[in-house]
Amino acid sequence: MHIEAQERDDVLLRRSAKGDERAFTELYRRHQAPLYRFALRMSGNVWAAEEIVQDVFMTLIREPKKFDPERGALRSFLYGITRNRVMKHLERAPRELLHEELDEDTVGQRGLGFEALTPAEWAEVRERREQVRAAVLKLPVEFREAVVLCGLEELSYEEAARLLDCPVGTIRSRLHRGRALLLVKLEMLRDTPKRAGASR
Amino acid sequence: MTCEEFELAGLDLETIQGDDPAHSAVREHLRSCPRCAALQENWQTLQADLHAVGAETQEAEAPARVEMRLRQEFRTRHKTVKARRAAVYAGWTLAAAAVVMAAVSWVNWRHENGKGSPPSAVNSEQGGNMNKTTPAGPELGETIVASNDAGEFTLLPGSLPGLLGDATVVRVQMQRGALGALGLTVNEERAADLIQVDLLVGDDGQPQALRLAQTTD
């Protein structure tokens with residue numbers, strides 16, 4: 001069966017539920033990358049991210065009727081499942097917060113200007129990014145979600161709110177708190193003069 | 001604008017439109033407050049760092065093996081479902097066929113029971129077990145007529161009522177005219193009709209009495 005590029009997710013899902021493998025493959029290819037990135041950035045572990053994405057789509061194979069198109073888009077539904085799986089993973093392995101497994105293929109270096117850096121500068125940049133990544137992974141989960149979606153994935157507040165199924169104001173405030181915590185963790189406030197009468 | 005207000009709104013400077021009054025207020029506050037200016041600078045550095053970290057994994061996607069595993073699972077699952085569905089259909093078809101067969105058999109059995117035994121069949125019953133009436137003997141010189149009442153046996157001429165205790169009932173098919181040989185009066189016009197007759201046969205093998213069971217046309 002031919003798959004139209006713009007065929008709606010719910011139509012593809014219906015066909016997939018009836019055993020159309022091409023429809024399922026199209027759905028997978030359409031949604032796996034952002035879900036994988038979300039899982040990877042939330043967990044900091046490529047194996048966990050891979051397992052989570054696989055688990056999410058297994059759910060779609062086993063229980064396609066769980067998705068109700070009237071309640072929202074398929075992507076939001078899949079993000080919801082991904083979030084749950086990420087939470088479970090974090091509960092199970094809270095200290096497994098390493099990006100060490102990231103290889104050169106996963107961590108693209110395209111267009112990042114590494115070519116123009118001296119080895120010392122390159123090492124400094126790498127270290128700095130490692131600090132930022134580690135600081136993001138240490139954020140409380142609800143702030144981390146907001147930072148991952150709006151800061152790393154660069155979604156708009158509205159898109160993030162839709163995916164996390166919460167008001168835009170909540171995203172805005174979580175992002176604000178998350179960024180403030182990041183500044184503290186990265187000791188970027190160390191050199192900032194204290195506000196008169198402010199207590200931190 | 002105060003520092004608190006700046007922290008709430010000003011850090012998202014890029015999201016505030018240039019012609020928005022808040023924009024100029026933020027700019028004004030940044031010029032007058034070194035702390036907020038430093039905070040804003042750190043904030044922008046963090047934004048750039050986050051952007052760089054995000055860019056590192058911007059094109060990351062699940063390895064191809066995940067897709068392979070999922071497609072394999074998809075095939076297995078849908079094949080299993082199809083096989084199960086086929087088994088269910090086959091089961092229901094067999095059950096329906098069995099019900100139809102049973103119904104047809106029952107109807108046939110009922111039909112055959114309603115018709116009684118086939119015309120050529122011979123039913124034998126021991127006289128001790130049967131419910132038969134022993135008719136009284138005919139008067140001498142009286143014309144004997146076989147009764148159509150199936151419940152009554154008519155003694156044949158020369159038979160003795162007292163000797164019928166161990167008699168056997170034998171059902172036979174014959175022409176009506178043959179009744180004449182047993183000493184009965186026969187309507188000549190219907191002599192060729194086939195009839196079924198229950199004969200009460202005595203110990204000596206001779207018919208002692210008879211009754212008309214059923215006429216076959």
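Helices and strands are taken here as DSSP runs, with at least four residues for a helix and at least two for a strand, numbered from the N terminus. On that count, chain A of this predicted model comes out with 8 helices and 0 strands. Reading along its sequence simply gives α-α-α-α-α-α-α-α. Chain A runs to 200 residues, and 33% of them are buried. Looking at contacts in chain A with a separation of 6 or more, 62% are between residues 24 or more positions apart.

Chain B is built from a mix of elements, with 4 helices and 5 strands. Starting at the N terminus, the order is α-α-α-α-β-β-β-β-β, so to speak a helical part followed by a run of strands. Of the 217 residues in chain B, 19% are buried. For contacts in chain B with a separation of 6 or more, the portion that links residues 24 or more positions apart is 56%.

Now to where the two chains meet. On the chain A side, 39 residues are in contact, and they face 33 residues of chain B. Several helices of chain A give two or more residues each to this side: α2 (21-43), α3 (46-62), α5 (119-137), α6 (141-152) and α8 (168-185). Among these, α2(A) puts in the largest share, with 10 residues. Sorted by class, the side of chain A that touches chain B holds 19 nonpolar residues, along with 12 charged and 8 polar ones.

Helix α7 of chain A, spanning residues 157-164, gives a handy local picture. Three of its residues, A160(A), A161(A) and L163(A), are buried. These three sit on the same side of α7(A), because the arc they cover around the axis is only 165°. As for what lies over them, the cover of the buried residues of α7(A) includes α4 (74-92), α6 and α8, which also belong to chain A. Two of these covering helices, α6 and α8, turn up again among the elements that give two or more residues to the side of chain A touching chain B. Just past the end of α7(A) comes D165(A), where the backbone takes a positive phi of about 55°.

Conventions:
Residues numbered from 1 in each chain as written. Chains lettered and ligands numbered in written order. Predicted model: local features only at pLDDT ≥ 70, side-chain atom pairs only at ≥ 80, totals over all residues. Contact = placed C-beta atoms within 7 Å. Nonpolar A, V, L, I, M, F, W, Y, C, P; charged D, E, K, R; others polar. Buried ≥ 20, exposed ≤ 12 C-beta atoms within 10 Å, placed from the backbone. Arc of directions from axis to C-beta.
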